[in-house]
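Open the model in your viewer and keep the selection tool at hand. The tour makes two stops.

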Amino acid sequence: MHQRYCEVALPVPLRNTFTYAVPASLNGEPVVGRRVVVPFRNRPIVGVAVSESDRAPETAGAEVRIKPIAELMDRGPALSANLIELGRWISGYYLAPIGETFRAMLPPETELRHDCEYTLTNAGRAQLAQFALGTGDDIPEPEDMVLLRRFEEAESVSSAQARRWPGGEAAIEKLVQRGLVIAGDVARHRKARTQTIVAWKPEGGGAGANLTIHSAETSAEEKRMSRRAQNERAAEERVREVLTATGGPVPLGLLMEKANVTRTTIQRLEKNGRLLMWEEPLTANEDPWDTDFTPPNNVLNSEQNQALAEIWRWMVAGKFATGLLHGVTGSGKTEVYLGAIDAALSRRKSAIVLVPEIALTLWTSRLARARFGEDVAILHSGLPDIERAREWWRARNGEARVVVGTRSAVFAPVGNLGLIIVDEEQESAYKQEETPRYNGRDVAVYRAHLEGAVALLGSATPSLESYHNAHAGKYRLLELTQRVANRPLAEVRIIDLREEFRQRRKAMPVSEPLRAAIALRLEEKTQAMILINRRGYSWSLLCRNCGAFVQCQNCSIALTYHKSRQRLVCHYCGFSIRPPKQCPKCHAEYLYFVGDGAERVEEYLREQFPAARVARLDRDTVRTKREYQQVLGAFAKGEIDVLVGTQMVAKGHDFQRVTLVGVVAADLALGRPDFRAAERTFQLLTQVAGRAGRGELSGEVLVETYYPEHYAIEYARRQDYASFYEKEAHFRKMLHYPPFTALASVLIRDRKIENAIRWSRALASYFAPFEERGVKVLGPAAAPLARLRRDYRFQFVLKSPQRAALGRALSGAVDFCAAKDIPETAVIVDVDPATLM
Ligand code: ADP
Ligand code: ZN
């Protein structure tokens, strides 16, 4: 048989795949799509085989020895042919290194544990020998000699062991630096997390369980023996009692405790054929919200029915189609999603539901579980690796046909895909802000195209891109124009902060009309939600003498004051300092806190309403999924009167007793120099307004702003998406922005400003001729965040009406950088950026 070769994508930031030989022992085994362990730079790493051939690659030198695959990982391919093709497309479209793209698609690596192992080098041995003979010139430290001796005895030492030796790892690292000891990387199989389950063997077991005593004369020895036998029989009896009492198999640990027996006893009983023992994977933790949940039993209204009937038709046609479900907040889009999943399952197909945030996977999966039971798997980055791997393989093996998850669940390995739903499709959370910089929504549409499935994008405020596609006939538009049960949309009132200031001559954390509205809710005993899209107590600390804000040491960004921590914090890199008494620049003492954040608003409301139950929900108060659930759960149960929060509170949730939503400083985002500023403001206001009046009680929304006449605020007040779209589309067209132009940003960054400038200049000369090839190149200019995490940053913005031309300019740029030895990490290419900030 021919020697087989395969191309392996490895999780390294390089743009090529690597060729390995398939050893003869694997003949007959398919390798494409399989995860493999291969040697790479002298360490074993896990990659995925993406293609196979029986010809050796043509290399210039021909002297390269092709190494064999060390190991095949799973019983079958992890990735289907479709997913491999999807990965290649992402890598090409987003200019992302292929290995890093595939890493994002594979299950978490739970099987292998990378470990460091130390061994003595020849130099180390020589040193020991010299010391023994008393020859060498430099007399080693006695501690070092002790360690070297230990190495000599142990042959190889894991880093875990070494840590416990005198001097710990630091002492050993010193020996490594001196070349006496070498550190190598080894990969070991990790034991899957399982538990031993024990059951009573029904037939009652084989022979040899009882000891019989032959001799009439019992020696002391035999007496002891018989006492042991008696003890054993008693232990066996207790084990049997526990197992019959519980009426089924029991985990080993529990059995040992209940029956008060040792592991040895149980193992002996198994050997004697009394017990059955096997390994089972540890079960996932129960979601505490799942317990007392009864799903709503809604009868669909006619708009919902119409939308669903249309989706059924697409599903029956069994061809690729993309639908945009534009439904106002509270119009019952979720019911349509669930019906669409039903349609897919009834055609024996599988479905994926993407939601923008981990927290929303809980709401959605709860509904899905209630309807589709065990068929549902959940995939998001907040799960422990071991759980995520299990859910991943459940989907891969066809045990789960519905997957609910965040962005990366678009790669869920379900077979026979019929439907991908993208809820709140406009959310920037779908855009991954690290390599591969893909947009989950767009990947979903492409995957549906590859697999002949239906993509269903849903939103109350579709992105300009999707609505434009619907108008152009690329997507099919489904509309839900009414809230369910004829509930009215909440009324939105604008509070003009300029007017407020004229009247009161004093800026308060919350305007008077909003304060009064909250007071009214407290009297009525309904609930209020206050959105303030800034964390911390004060946005910044300003010197009134020199006019400078106190800035981060690593970023060109003002530090935010957090009162509870008594620190000024950088929200980009985490840098923090104690608030200074003097201006760091001019040493004046006129420092003033500027702008109220969520922490201040919460404090103010507590002062104003001491009897009210006020809580805050933002990344400072909730750090874990559990805390998040606790706060939202408490709010849902009515244990909180006023919930203050950042945009975390704005999304998706369905609270029935909220009758007031207040938005503090609604125009914050409008000031950003970003082409999506108006769109984001409109979306946020509409979404948050949609949180009010979702139950029987009607709702009111109060929006504070300094720019009441801005169209984003005005149309959000009227909740008029169509007019907003028209106006915004007009501007985008004029200014050459998406969806009318393909857009990309290329960022050059380095610790040294000279490098960043030099590389930017080089790239500018590369881009220059593209002006004539239909690509407009703006820059290089200092990026809006000119310094971030100590890097100086320069930015190019590329625009082209033809995506292909843009793609050519970008892939050429990547090659150019490689040829000019500009490091991969210094260049960030962002295709279809969510923001230019
Ligand atoms: P959206 O996502 O469109 O904002 P949801 O899907 O969250 O809206 O639905 C809002 C609420 O309306 C939910 O409590 C849901 O149970 C309820 N609902 C959905 N469809 C109906 C219906 N046909 N009749 C009554 N209530 C419904
Ligand atoms: Zn910083």
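Select helix α11, residues 333-346: with three residues, this helix supplies the largest share of the shell around ligand 1. The coordinates are those of a predicted model.

Next, show every residue around ligand 1. The selection should hold 18 residues, and the closest are V299, G330, K333, T334 and D654. Colour the shell by residue class: five are nonpolar, nine polar and four charged.

Now look at individual atoms around the ligand.

- Pick T334, where a polar side-chain atom sits 2.6 Å from an oxygen atom of ligand 1.
- Pick Q304, which places a polar side-chain atom 2.8 Å from a nitrogen atom of ligand 1.
- Pick S331 and display its backbone, since a backbone N or O atom there lies 3.2 Å from an oxygen atom of ligand 1.

Turn on the surface of the protein. On its own, ligand 1 has 560 Å² of accessible area, and the protein covers 82% of this.

For the second stop, move to the loop between β26 (614-617) and α19 (625-636) and select D618, which is found there. Is D618 buried or exposed? Its relative accessibility is 0%, so D618 counts as buried; the cut-off for buried is under 20%.

Show the side chains of D618 and R616: the two make a polar contact at 3.0 Å. Then extend the selection beyond the sequence neighbours of D618. Leaving aside those within four places, D618 is in contact with R535, A598, T646 and M648.

Definitions and conventions. Residues are numbered from 1 along each chain as its sequence is written. Chains are lettered from A and ligands numbered from 1 in the order in which they are written. This is a predicted model: local features need pLDDT of at least 70, side-chain atom pairs count only at pLDDT 80 or more; totals for chains, interfaces and linings use all residues. Side-chain values use heavy atoms; hydrogens and water are left out. Helices (H or I, at least four residues) and strands (E, at least two) are DSSP runs, numbered from the N terminus. Buried means under 20% relative accessible area, exposed over 50%, partly exposed in between (1.4 Å probe, protein chains only). A polar contact is a pair of N or O atoms within 3.5 Å; within protein, one must be able to donate a hydrogen and the other to accept it, and residues adjacent in sequence count only if both atoms are side-chain atoms. Contact means heavy atoms within 4.5 Å. A residue is near a molecule or strand if one of its heavy atoms lies within 4 Å of it. Accessible areas come from the Shrake-Rupley method with a 1.4 Å probe; for residues, only the protein chains shown count as cover. Ala, Val, Leu, Ile, Met, Phe, Trp, Tyr, Cys and Pro count as nonpolar, Asp, Glu, Lys and Arg as charged, and the others, Gly among them, as polar.
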